[in-house]
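Let's take a friendly walk through a protein model together. Have the sequence and the 3D view ready, and follow along one step at a time.

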Amino acid sequence: MGISRDEIEHLAELSSLSLSEAEISSLGADMERVIAYFDQLNELDTTDVEPTFQVFPMENVWRADEVVQFEAGRAELLALAPEVKDDQIKVPRVL
């Protein structure tokens, strides 16, 4: 099964790649070798091999969800802001 030049150009376009003539021919040869390797793997007998989805054991590491009281009060934090209006920090308008 050969990969046509049109298929390589289409893949390059989908990938937003600009390929030279040399790169197109080189990529075609590389893709042929990859497909040949996959064909080789398809010949293997895997009837008693259990599918592997994750090689390394993984588990979620959860931490306790604790509310930590912040030492500064509202008035102290507002005092740090460059500009305050109506008891809120005033920031530039963003549209």
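Keep in mind that this is a predicted model. Our walk begins with Glu83 and Lys90, whose side chains meet in a salt bridge, with 3.6 Å from N to O. That pair qualifies because a salt bridge requires a side-chain nitrogen of Lys or Arg within 4 Å of a carboxyl oxygen of Asp or Glu. Side chains of opposite charge can pair when their charged atoms come close. How exposed are the two partners? Glu83 has a relative accessibility of 43%, so Glu83 counts as partly exposed. Lys90 is partly exposed as well, with a relative accessible area of 41%.

Now look at Pro82, which sits in the loop between helix H3 (74–80) and strand S1 (84–85). Pro82 has a relative accessible area of 82%, and since exposed means over 50%, Pro82 is exposed. To get a feeling for distance, find Asp6 too: Pro82 and Asp6 are 76 residues apart in sequence, and their C-alpha atoms are 60 Å apart in space.

Next, turn to two helices that pack against each other. Helix H1 covers residues 5–14 and helix H2 covers residues 21–42; their axes lie 10 Å apart and form an angle of about 105 degrees. Angles of 65 to 115 degrees count as roughly perpendicular, so that is the word for H1 and H2. Which residues make the contact? From H1 come Arg5, Ile8, Glu9 and Leu11, while H2 brings Glu21, Ile24, Leu27, Gly28 and Met31. Sorted by class, this contact has 5 nonpolar, 1 polar and 3 charged residues.

Let's follow some charged side chains here. Arg5 and Glu9 meet in a salt bridge, with 3.0 Å from N to O. Both belong to helix H1, and because they are 4 residues apart, about one helical turn separates them. Arg5 has a relative accessible area of 37% and is partly exposed, and Glu9, at 32%, is partly exposed too.

Arg5 also has a partner in the other helix: the side chains of Glu21 and Arg5 meet in a salt bridge, at 2.7 Å from N to O. This pair links distant parts of the chain, since Glu21 is in helix H2 and Arg5 is in helix H1, 16 residues apart. Glu21 counts as exposed, at 54% relative accessibility.

Put these pairs together, and salt bridges with shared partners join Arg5, Glu9 and Glu21 into one network. For the model, the count comes to 5 salt bridges.

Methods
Residues numbered from 1 in each chain as written. Predicted model: local features only at pLDDT ≥ 70, side-chain atom pairs only at ≥ 80, totals over all residues. Heavy atoms only, no water. Helix = DSSP H or I, 4+ residues; strand = E, 2+ residues; numbered from the N terminus. Buried < 20%, exposed > 50% of the residue type's maximum accessible area, 1.4 Å probe, protein only. Axes fitted to C-alpha atoms, helices over the stretch in contact; angles between N-to-C directions. Parallel < 35°, antiparallel > 145°, perpendicular 65-115°, else oblique. Contact = heavy atoms within 4.5 Å. Nonpolar A, V, L, I, M, F, W, Y, C, P; charged D, E, K, R; others polar.
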